[in-house]
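User: I would like to work through a protein model step by step. Please show the structure, and then let us begin with the terms that are needed.

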Amino acid sequence: MEGFDHILNWRLLRGSHEFPGKDGGTCINEAAVVAAGFEYRRVCTVRDMPSCFSRPICEFAMFLNDQDNTGGHQRLMPFVMRLACADSEEVEQQRQTYISSKMIRFMSMSKGIEVLEGALAIGRQADPIALPVLEERMSAAREKVSSATSKAKKPLLDSVKKLLTAL
């Protein structure tokens with residue numbers, strides 16, 4: 001688990017953020033952009049995502065991230081590396097149909113993660129990112145953070161480690 005420190009200490013927060021967010025974090029899609037090797041960008045809508053990201057999946061991930069008010073954002077961390085999985089229009093429509101059929105207005109994080117897993121199982125899977133590459137990307141992004149914000153609290157480290165181990 002040592003190699004995951006940069007990822008595990010990343011904070012997922014509601015909404016879009018100027019890097020790294022006022023509390024030292026970003027939303028799930030902003031973190032996914034960095035994890036995929038792109039320059040950090042503020043993500044207000046899925047149209048702000050690079051084309052290699054699945055729009056229906058990113059939109060649903062954003063919904064889960066933003067509607068959570070229980071502090072469960074960190075449970076989405078294992079999905080950061082899986083969102084760059086855009087496929088054909090037909091597959092993207094299948095994903096959208098699947099997500100829409102499972103949507104409810106107030107969805108628990110556990111139920112949302114179930115739906116996210118189901119949507120991610122449809123079509124192309126994200127290319128696996130080697131841990132050293134991912135660590136380098138997250139580290140490079142973190143280096144842009146001022147020393148004041150880098151002292152932000154480490155969120156739910158043990159819980160996230162357990163989630164990553166379960167995958």
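Analyst: A salt bridge is a side-chain nitrogen of Lys or Arg within 4 Å of a carboxyl oxygen of Asp or Glu. The structure shown is a predicted model. By this rule the count of salt bridges comes to three.

User: What is the N to O distance in the salt bridge of Arg95 and Glu92?

Analyst: The partners are an Arg and a Glu, and the rule asks for a nitrogen of the one within 4 Å of a carboxyl oxygen of the other. Both residues lie in helix α4, three residues apart, so about one helical turn separates them. Their side chains meet with an N to O distance of 2.5 Å.

User: Is Arg95 buried or exposed?

Analyst: A residue is called buried under 20% relative accessible area. Its partner Glu92 has 12% and is buried. Arg95 has a relative accessibility of 0%, so Arg95 counts as buried.

User: Which residue forms a salt bridge with Glu117?

Analyst: Glu117 belongs to helix α5 (residues 109–120), while the partner lies in the loop between α3 (55–67) and α4, so the pair ties together parts that are 35 residues apart in sequence. The N to O distance is 3.3 Å. Glu117 is partly exposed at 29%, and the partner, at 23%, is partly exposed as well. The partner is Arg82.

User: What is the relative accessible area of Glu114, which meets Lys111 in a salt bridge?

Analyst: The side chains of Glu114 and Lys111 come together at 3.6 Å, N to O. They are three residues apart in helix α5, about one helical turn. Lys111 is partly exposed at 33%, whereas Glu114 is exposed, with a relative accessible area of 51%.

User: How many helices and strands does the protein chain have, and in what pattern?

Analyst: The chain has seven helices and two strands. Read along the sequence, these elements follow the pattern α-β-β-α-α-α-α-α-α.

User: What share of the residues in the protein chain is buried?

Analyst: The chain exposes about 8,700 Å², of which carbon and sulfur atoms supply 52%. A residue counts as buried under 20% relative accessible area. Of the 167 residues in the chain, the buried share is 44%.

User: Which residues have the most contacts inside the largest nonpolar core?

Analyst: In soluble globular proteins, nonpolar side chains tend to be buried together. Here the largest nonpolar core has 31 residues. Helices α2, α3 and α5 each supply at least two residues of this core. The residues with the most contacts inside the core are Leu76, Leu83 and Leu116.

User: Are the rings of Phe38 and Phe53 stacked, edge-to-face or tilted?

Analyst: The structure holds two aromatic pairs. In the pair of Phe38 and Phe53, the ring centres are 6.4 Å apart. Planes under 30 degrees apart count as stacked and those over 60 as edge-to-face. The planes here are at 50°, so the pair is tilted.

User: Which of these two rings belongs to a buried residue?

Analyst: Phe38 and Phe53 are 15 residues apart, and both lie in the loop between α2 (28–35) and α3. Phe38 has a relative accessible area of 33% and is partly exposed. The other residue has a relative accessible area of 2%, and this buried residue is Phe53.

User: How far apart are the C-alpha atoms of Asn65 and Arg75?

Analyst: Asn65 is found in helix α3. At 0% relative accessibility, Asn65 counts as buried. Asn65 and Arg75 are 10 residues apart along the chain, and their C-alpha atoms are separated by 9.4 Å.

User: What share of the contacts with a separation of 6 or more joins residues 24 or more positions apart?

Analyst: A contact means heavy atoms within 4.5 Å. Among the contacts in the protein chain with a separation of 6 or more, the share from residues 24 or more positions apart is 69%.

User: Which helix has the lowest mean pLDDT among the elements, and which the highest?

Analyst: The mean pLDDT of the chain is 76, and 62% of its residues reach 70 or more. Over residues 1–8 the pLDDT stays under 50, and over residues 146–157 it is below 50. Where pLDDT is low, the predicted coordinates should not be read in detail. Among the elements, the lowest mean, 47, belongs to helix α1 (residues 5–8), and the highest, 97, to helix α4 (residues 89–102).

Note on methods:
Residues are numbered from 1 along each chain as its sequence is written. This is a predicted model: local features need pLDDT of at least 70, side-chain atom pairs count only at pLDDT 80 or more; totals for chains, interfaces and linings use all residues. Side-chain values use heavy atoms; hydrogens and water are left out. pLDDT is the predictor's confidence in each residue, from 0 to 100. Helices (H or I, at least four residues) and strands (E, at least two) are DSSP runs, numbered from the N terminus. Buried means under 20% relative accessible area, exposed over 50%, partly exposed in between (1.4 Å probe, protein chains only). Accessible areas come from the Shrake-Rupley method with a 1.4 Å probe; for residues, only the protein chains shown count as cover. Rings of Phe, Tyr and Trp (its six-membered ring) pair if their centres lie within 6.5 Å; planes under 30 degrees apart count as stacked, over 60 as edge-to-face and the rest as tilted. A nonpolar core is a set of buried Ala, Val, Leu, Ile, Met, Phe, Trp, Tyr and Cys residues joined through side-chain atoms within 4.5 Å.
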